[in-house]
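Colleague: Please take a close look at a single part of this model, the surface that faces the DNA, and walk me through it in one connected account. I would also like to hear about the helix packing that goes with it.

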2 protein chains.
Amino acid sequence: MQCTRNQTEEHTRAMRAVQDSMDILNGKWKIPIISSMCYYTERRFSDILSDVVGISNKMLSKELKDLEINQLVKRTVLPTQPVTVQYELTAHGKTLQTIILNLAEWGRAHHDKIFAQEPLDSASS
Amino acid sequence: MQCTRNQTEEHTRAMRAVQDSMDILNGKWKIPIISSMCYYTERRFSDILSDVVGISNKMLSKELKDLEINQLVKRTVLPTQPVTVQYELTAHGKTLQTIILNLAEWGRAHHDKIFAQEPLDSASS
DNA sequence: CAGTATCCAAAGGGATACTG
DNA sequence: CAGTATCCCTTTGGATACTG
């Protein structure tokens, strides 16, 4: 092992910091929900519900509450009939955009890599 | 809404790419496990087990298999007695380092932000 | 529309013991 | 050391129905 004690401590600290992030972004849905809001200044409950494929309204409701508690998302009720609710990223929530962009980029790269490896059935037909 | 059709399509594509990433990095442990390997050229099973606080050997075993299947991690068995197994990030796995670093940085920033907000009990004593 | 409430099946995952 | 196997409790989260 070529690392010094200081590197080990830095490693430990970095691990904890990553864990802190993951505690807040926990579960299957947080990142996709934030992604949904990333490209718009504001987004309604039903918009996010259709953006995030597969999520149920119960889950979305719960996850948005979590994000609000952690101050990543701001919720605004508009006095319409029936009620409209808008969600938007807070300044703090927007600091996650870099990570989201990186994840999107990585997802594409990974997809391309796997695709390039696979023997294409269509080539044999 | 001030976005054009093209932006909407790009949004949809980005959401899918993020989902693709999250499908591979699913669960509580993948990111911390990769983090554990980020700072070293190679890491043994027991090293990772102690790095990732709270994980069980059963979980670690399963998650490492997943990562190996997705070609993010390479597993090497050394002919020692008893057996030693080394894990290392593949070239492809290393492309996640940016994301890990960003997550660590964000975790620290978030921690600092929350800490700065909290009324300190120690101040009143 | 934007949720909440309840029910319940399935998956997650810890503890422990065992193996090569 | 590096896992695997089993037991079993806990959490997750979908489906459905209901509310302001």
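**The surface facing the DNA**

Modeller: The surface near DNA strand D draws at least two residues from each of four elements, namely α4 (57-69) of chain A and, in chain B, α3 (45-51), α4 (57-69) and β3 (84-89). Please keep in mind that this is a predicted model. Among the contributors to this surface, α4(B) has the largest share, with 4 residues.

There are 17 residues around DNA strand D, and those that come nearest are A:K58 from one chain and B:S46, B:S61, B:R75 and B:Y87 from the other. By residue type, the surface near DNA strand D is made up of 7 nonpolar, 5 polar and 5 charged residues. On the nucleic acid side, 64% of the strand D atoms within 4 Å of the protein belong to sugar or phosphate, while the rest belong to bases.

Individual atom pairs show both kinds of approach to this strand. The side chain of B:Y87 places a polar atom 2.5 Å from a phosphate oxygen of DNA strand D, and the side chain of B:K65 has an N or O atom 3.1 Å from a phosphate oxygen of that strand. B:N57, by contrast, is directed to a base, since a polar atom of its side chain lies 3.1 Å from a base oxygen of DNA strand D.

Turning to DNA strand C, the elements that each supply at least two residues are α3 (45-51), α4 and β3 (84-89) of chain A, together with α4 of chain B. Here α4(A) gives the most, with 4 residues. DNA strand C is surrounded by 19 residues, of which A:S46, A:S61, A:R75, A:Y87 and B:K58 are the closest. Of the strand C atoms that come within 4 Å of the protein, sugar and phosphate account for 64%. The residues of the surface near DNA strand C divide into 7 nonpolar, 7 polar and 5 charged.

Three phosphate contacts may be singled out for strand C. A polar side-chain atom of A:S46 lies 2.7 Å from a phosphate oxygen of this strand, and an N or O atom in the side chain of A:R75 is 2.7 Å from a phosphate oxygen of DNA strand C. From chain B, the side chain of B:S56 brings a polar atom to 3.0 Å from a phosphate oxygen of DNA strand C.

Behind these contacts, the packing of the helices deserves attention. In chain B, the axes of α4(B) and of helix α2 (residues 30-38) come within 10 Å and cross at roughly 80 degrees, and α2(B) and α4(B) are therefore roughly perpendicular to each other. On the α2(B) side the contact uses B:K30, B:I33, B:I34 and B:M37, and on the α4(B) side B:L60, B:E63, B:L64, B:D66 and B:L67. This contact of α2(B) with α4(B) comprises 6 nonpolar residues, no polar ones and 3 charged ones.

In chain A, helix α2 (residues 30-38) packs with α6(A) at an angle of about 105 degrees, with the two axes 10 Å apart. That makes α2(A) roughly perpendicular to α6(A). A:I31, A:I34, A:S35 and A:C38 of α2(A) meet A:Q97, A:I100 and A:L103 of α6(A), and the residues of this contact divide into 5 nonpolar, 2 polar and no charged.

The α6 helices also pair between chains. Helix α6 (residues 97-117) of chain A and helix α6 (residues 97-117) of chain B pack at about 165 degrees, and their axes are 10 Å apart; α6(A) and α6(B) are therefore roughly antiparallel, and their crossing is left-handed. In this pairing A:T98, A:I99, A:N102, A:L103 and A:W106 of α6(A) meet B:T98, B:I99, B:N102, B:L103 and B:W106 of α6(B), a set that divides into 6 nonpolar, 4 polar and no charged residues. A:L103 thus appears in the contact with α2(A) as well as in the contact with α6(B).

Some backbone details in the loops round off the account. The loop between β2 (73-78) and β3 of chain A contains A:P82, and the peptide bond from A:Q81 to A:P82 is cis, with omega near 0 degrees. In chain B, B:P82 is found in the loop between β2 (73-78) and β3, and a cis peptide bond with omega of about -5 degrees joins B:Q81 to B:P82. Finally, A:Q71, in the loop between α4 and β2 of chain A, has a positive phi of about 60 degrees although it is not a glycine.

Methods: Residues are numbered from 1 along each chain as its sequence is written. Chains are lettered from A and ligands numbered from 1 in the order in which they are written. This is a predicted model: local features need pLDDT of at least 70, side-chain atom pairs count only at pLDDT 80 or more; totals for chains, interfaces and linings use all residues. Side-chain values use heavy atoms; hydrogens and water are left out. Axes are lines fitted to C-alpha atoms, for helices over the stretch in contact, and angles run from 0 to 180 degrees between N-to-C directions. Angles under 35 degrees count as roughly parallel, over 145 as roughly antiparallel, 65 to 115 as roughly perpendicular and the rest as oblique. A crossing is left-handed if the near helix is turned anticlockwise from the far one by less than a right angle, and right-handed if clockwise. Contact means heavy atoms within 4.5 Å. Ala, Val, Leu, Ile, Met, Phe, Trp, Tyr, Cys and Pro count as nonpolar, Asp, Glu, Lys and Arg as charged, and the others, Gly among them, as polar. A residue is near a molecule or strand if one of its heavy atoms lies within 4 Å of it. A polar contact is a pair of N or O atoms within 3.5 Å; within protein, one must be able to donate a hydrogen and the other to accept it, and residues adjacent in sequence count only if both atoms are side-chain atoms.
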